[in-house]
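Here are my notes from going through this one, written as numbered points. Keep the 3D view open and click along as you read.

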Amino acid sequence: MLSPEGKSFLITGGGSGLGEGMARYLAAHGARVTITGRRAEKVQAVAASIGPAACAVAGDVTKPEDRERMVSVAVAHGGGLHGLINNAANMVRGPITALSEQAVLALFHTNVVAGMFLTGLAVPYLEREGGSVLFVGSVHTRRSYPGASPYAATKGAVEVLARVLAAELGPKRIRVNCVIPGAVPTELNVRAGLFSEAENRARLERMLPDHPLGRLGTPQDIAEAVEYLLLAPWVTGQSLVVDGGLSLGVTYA
Ligand SMILES: NC(=O)c1ccc[n+]([C@@H]2O[C@H](COP(=O)([O-])OP(=O)(O)OC[C@H]3O[C@@H](n4cnc5c(N)ncnc54)[C@H](OP(=O)(O)O)[C@@H]3O)[C@@H](O)[C@H]2O)c1
């Protein structure tokens, strides 16, 4: 049976939402996890509540020196590195006629470019363990939400990265995959200043009829798929949609 027990994982954006869920789930199954985020108090509180299996690194994935620290702390904490989860991301929305170039470039820096460079830094360690990289995509590449083009474009990019890097790193015994979550209530849109928490919950609940399985997702739904993709020894270059059927585009007429 596949098990993360005794393995070491670095999870960017592990101080909240899906990343926090992944950290808690992997640690509960015996892994050592290193979580990162810009808000020191957030990552430290989550790591403390997980216990000694978790270690927090406050840092920004867009800063090269912080990325180096994230990888070296994860290697020291976990006695090596078996998996990198490029989960940290932000959200930018707006009509194509009114986008801020600076905001879109910053979004690509966090959501796409940072994960590319973190992957490069992790390669020497992952190679030793036959480890893997996981990108976090989004159902925004399966359903088209007007006004969300910047975010959707970054998520399209990470799906392609998973395929190309799987080909590039396969000969080093490193697998690269992408998990594609559907709608899970988290602070992503709230942090971006787009909705209040109540508005965010209400707009997600309006999406319930689009879910054949009749409910929104939970961090655990995503963490279970993440565990599989991190560990499955003969799966690489794949995107796994975990969305309660939202991407099917079902219309109940
Ligand atoms: N929730 C959903 O419905 C959904 C659906 C599809 C895909 N996703 C994807 O799932 C992943 C997790 O998102 P989430 O929904 O769990 O939202 P979230 O709770 O806002 O998590 C994103 C995390 O990324 C961190 N982060 C952002 N910029 C960073 C930076 N420059 N450096 C380091 N950390 C940074 C944030 O912490 P700091 O602000 O402290 O840095 C935050 O903890 C993202 O890739 C998102 O695109 C979410």
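1. Start with glycine 130, the residue that follows helix α4: its phi is positive, near 65 degrees. Keep in mind throughout that this is a predicted model.

2. Now step back into α4 itself, which covers residues 101–129. With 29 residues, α4 spans 40 Å from its first C-alpha to its last, close to the 42 Å expected at 1.5 Å a residue. Where does α4 bend? Look at valine 123, where the bend is about 50 degrees. A proline, proline 124, follows within four residues.

3. Next, check which parts of α4 are tucked away. Its buried residues include Leu107, Asn111, Gly115, Leu118 and Tyr125. Val123, the residue at the bend, is also one of the buried residues. What covers them? The cover includes two helices, α3 (64–78) and α5 (149–169), along with strands β1 (8–12), β4 (83–86) and β5 (132–136).

4. Glutamate 129 belongs to α4 too. Why does glutamate 129 count as partly exposed? Because it has 16 C-beta neighbours inside 10 Å, and the partly exposed class lies between 12 or fewer (exposed) and 20 or more (buried). Leaving aside neighbours within four places in sequence, glutamate 129 touches Gly80, Leu81 and His82. It's also worth finding glycine 83: from glutamate 129 it is 46 residues away in sequence, but 9.1 Å away in space, C-alpha to C-alpha.

5. Glycine 83 takes us to β4, which is covered on both faces. Gly83 and Ile85 are buried on one side, and Leu84 and Asn86 are buried on the other. That pattern is a nice one to learn from: in a regular strand the side chains alternate between the two faces of the sheet.

6. Who are β4's partners? It runs parallel to β5, joined by four bridges, with glycine 83 standing opposite serine 132 of β5. β4 also pairs with β1 in the parallel sense, this time over three bridges. There, isoleucine 85 of β4 is the bridge partner of isoleucine 11.

7. Another parallel pair to trace is β2 with β3, held over five bridges. Isoleucine 35 stands opposite alanine 56 in β3. Is β3 (residues 54–58) enclosed or open? Four of its five residues are buried, so β3 is largely enclosed by the rest of the structure.

8. Helix α5 deserves a look as well. Its 21 residues reach 30 Å from first C-alpha to last, close to the 30 Å expected at 1.5 Å a residue. Among its buried residues are Pro150, Tyr151, Lys155, Val158, Leu161 and Leu169. The buried residues of α5 pack against α4, β5, β6 (175–181) and β7 (239–242).

9. Last stop: the ligand. How many residues surround it? There are 30, and the closest are Gly13, Gly17, Arg38, Ala89 and Thr186. The elements giving two or more residues to this shell are α1 (17–28), β2 (32–37) and α6 (188–191). Of these, α1 gives the most, with three residues. Sorted by class, the shell has ten nonpolar, 14 polar and six charged residues.

Conventions: Residues are numbered from 1 along each chain as its sequence is written. This is a predicted model: local features need pLDDT of at least 70, side-chain atom pairs count only at pLDDT 80 or more; totals for chains, interfaces and linings use all residues. The expected span of a helix is 1.5 Å times one less than its number of residues. The bend at a residue is the angle between axes fitted to the seven residues ending there and the seven starting there. Two residues are in contact if their C-beta atoms, placed from the backbone, lie within 7 Å. A residue is near a molecule or strand if its C-beta atom, placed from the backbone, lies within 6 Å of it. Ala, Val, Leu, Ile, Met, Phe, Trp, Tyr, Cys and Pro count as nonpolar, Asp, Glu, Lys and Arg as charged, and the others, Gly among them, as polar. Two strands pair if DSSP finds at least two bridges between them.
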